[in-house]
Amino acid sequence: MPATVIVGAQWGDEGKGKIVDLLASESDLVCRYQGGPNAGHTIVVGDEVYKIRAIPSGIIQGKQSAIGAGCVVDPAVLIGELDDLEARGHETAALVFVSGNAHLIMPWHVALDGARERKLGNLQIGTTRRGIGPAYADKATRIGIRVQDLLDPKILWQKIDLAVAEKNVWLERVYEIEPFDADEVYEAAAAHATRLGPYVADTSLLVDRALRHGKRVLFEGAQGTLLDLDHGTYPFVTSSSPIAAGAAVSFGIGPNRIDAVLGVSKAYVTRVGEGPFPSEIEGDAQDRVRELGGEFGTVTGRERRCGWLDLVALRYAVRLNGITSLALTKLDVLSTFAEIPVCVRYALPDGSETEEFPAHQSDFHHCRPVFETLPGWGVELDGPELPAAARDYVRFVEGALAVPVTLVGTGQARESVLTLG
Ligand code: GDP
């Protein structure tokens, strides 16, 4: 498909990296459409290990890689990645493009992110403290500094001077931490401008031209559907729009230019931190899934909560994103379970049952899962075909959602993906 969006269909950590890599190898241009340097992929090529957080991972395969207007960019992180790639022999000059409309994560955003989380104590959101939320907040308040501002020294100085005056009041009086010096911030930003200048591009035009010339464009979302700022489980959400429509908004193309939406879901569910989680597994089985699936935060090491596959939430993801096919990852994690419950409906406090995700958070908070139990397969998924019971599990998901499952993850290795006919 010329324009395909890959979207996390749950609360993030769905194992998108592997699927993105697979599709990137068949694409000409890979586009990152939201978020900042918090979500990252670890890519292993032979003996080389790459950790990239800002640039789409397609760059490792020498693909054109674009960062859209809907992203927030930490210039120091981006430059670090460019330097590392170049030091390891990867061309970046004609391959990496950054939208001039993307907003910059400035040092006060990082300081405020950490200070706010510390002040919230037990009520903290659990952000990655990289300044992403505060940068998006300033964008919405119309006081943000954009990538293109780096190219105009006068405007850059004016904006930094104004921002520092305001942010320092918050930093000193509300959070009681060190203020910033406008001159120092400007010097650092001016150095970033010199390095990043050549990469600043009109990414809307770039994608438009690529599609007109019949190129294959892949849009990769970070985080996941239920973390969407508008449609996710607010306030435990991210500060941008991971849903598929976000790709069109971020890159400035019409929604009708998107041909396919591939949703990525685990064969079970995980969620980090607080908030309602109807299909959360009770008892020891949750620890077993966590251990088998390695469900611990990559950066924080924090345990992820684990649940059985929730078809109500996944149906919602299909609706929100217009998912045309699904990749079901980590099916192998369930291989040793004799029986596998799947959440097919929610029971609401008034006694009714629903297959649709509740529109009101208190309904979601109080709903109970209705499970249907499917037989396990009891063997490893290391062959070229799925065992019958695993195939039935996949078919059950397809039937419930009316969406084909085209890819299945069967192990940690990058090549452990089965393509279903
Ligand atoms: P993302 O946050 O959605 O991009 O997730 P990643 O791509 O970083 O994947 C998270 C972890 O899941 C990595 O350690 C992967 O190796 C692992 N993983 C991905 N797919 C599978 C799978 O099919 N089976 C197993 N067992 N692990 C997988």
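User: Which residues of helix 4 are buried?

Analyst: A residue counts as buried when its relative accessible area is under 20%, with a 1.4 Å probe and protein chains only, and helices are DSSP runs of H or I with at least four residues, numbered from the N terminus. In helix 4, which spans residues 132-141, the buried residues are Ile132, Pro134, Ala135, Tyr136 and Asp138. This is a predicted model, in which local features need pLDDT of at least 70, side-chain atom pairs count only at pLDDT 80 or more, and totals for chains, interfaces and linings use all residues. Residues are numbered from 1 along each chain as its sequence is written, and side-chain values use heavy atoms, with hydrogens and water left out.

User: What covers the buried residues of helix 4?

Analyst: Here contact means heavy atoms within 4.5 Å, and strands are DSSP runs of E with at least two residues. The cover includes strand 6 (72-73) and strand 8 (103-104), together with helix 3 (107-120) and helix 5 (153-174).

User: Which residue follows helix 4?

Analyst: Arg142 follows helix 4, and its phi is positive, near 70°.

User: How far from an oxygen atom of the ligand is a polar backbone atom of Lys16?

Analyst: A polar contact with the ligand is a pair of N or O atoms within 3.5 Å. For Lys16, a polar backbone atom is 2.8 Å from an oxygen atom of the ligand, while for Glu14 a backbone N or O atom lies 3.1 Å from a ligand oxygen.

How values were computed
A polar contact is a pair of N or O atoms within 3.5 Å; within protein, one must be able to donate a hydrogen and the other to accept it, and residues adjacent in sequence count only if both atoms are side-chain atoms. Buried means under 20% relative accessible area, exposed over 50%, partly exposed in between (1.4 Å probe, protein chains only).
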